Amino acid sequence: MKIARDTLKFIIEVSKSSAPKEFAGMLSSDGDIITEVVIVPGTESSDESAVMQLFMLPNIHTIGTVHSHPSGNLNPSSADLELFDKKGRYHIIVGSPFTLSSWRCYNNKGETVKLEVVDYEFEEEENG
Ligand SMILES: [Zn+2]
C-alpha cells in the first residue's frame, strides 16, 4: 500500500493546526495509493470522542482511518484498536511534533504496516 506525498502532508498539516484538539478522518484510495482524506465533522478533543465520530459516519467507500494524537504517543489506544477492526484495513496515527516522520500506519489488527510515500499526479481542472 502507498500514500500520495501531498495527501500525507495535508494530514500532517491539518493535524498540526487542530492540536491540541484531535483530528480524525477517513481514507480513500485510487487503486493502491491513498489519495484522499474525508474529514469527520465536529471532531472533539478527546481520543474517545474522535473515535465515536468515526463510528457514526455513513458507509462511504473508504479503506481506513486517520487520526492524530497530539500527545505524540503513536500507539493505538484500545478504543482505536476496536475502530481499526471495524473501519477498513489501513489506519494512520499522526503524532506531535507533526513532521513527515511522526506518523505510523497500522492494519486492522493493530500491527504496524509499511506505507510507501509516493508522488501522485492529482488531476487538475484545465483552465478555460
Ligand atoms: Zn487514538
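Start by selecting residues 5-18 in this predicted model: that's helix H1. It lies across S1, strand S2 (24-30), strand S3 (33-39), strand S4 (64-69), strand S5 (90-95), strand S6 (103-106) and S8. Compare directions while you're there: H1 runs at about 70 degrees to S1.

Now pick residues 78-86 to light up helix H3. This helix packs on the sheet too, touching S4, S5 and S6. Its direction makes about 160 degrees with that of S4.

Next, hide the helices and look at the strands. In what order do the eight strands of the sheet sit? Reading across, you get S7-S6-S5-S4-S2-S3-S1-S8, in an open sheet with mixed pairing. Select 112-113 for S7 and 116-118 for S8 and you're looking at the edges. Each of these two strands has a single partner strand, so one side of each is left without a neighbour in the sheet.

Stay with S8 and add residues 2-4, which are strand S1. How many bridges join S1 to S8? There are three, and the two strands run parallel. Click on Ile3, and you'll find it standing opposite Val117 in S8. As a bit of background, strands of a sheet pair through backbone hydrogen bonds, either parallel or antiparallel.

Finally, show everything again and trace the chain from the N terminus. You'll pass the elements as β-α-β-β-α-β-α-β-β-β-β, which gives three helices and eight strands. Try colouring by burial: of the 128 residues in the chain, 43% are buried. Switch on the surface and you're viewing about 7300 Å² of exposed area, with 47% of it supplied by carbon and sulfur atoms.

Terms used:
Residues are numbered from 1 along each chain as its sequence is written. This is a predicted model: local features need pLDDT of at least 70, side-chain atom pairs count only at pLDDT 80 or more; totals for chains, interfaces and linings use all residues. Side-chain values use heavy atoms; hydrogens and water are left out. Two strands pair if DSSP finds at least two bridges between them. Helices (H or I, at least four residues) and strands (E, at least two) are DSSP runs, numbered from the N terminus. Contact means heavy atoms within 4.5 Å. Axes are lines fitted to C-alpha atoms, for helices over the stretch in contact, and angles run from 0 to 180 degrees between N-to-C directions. Buried means under 20% relative accessible area, exposed over 50%, partly exposed in between (1.4 Å probe, protein chains only). Accessible areas come from the Shrake-Rupley method with a 1.4 Å probe; for residues, only the protein chains shown count as cover.
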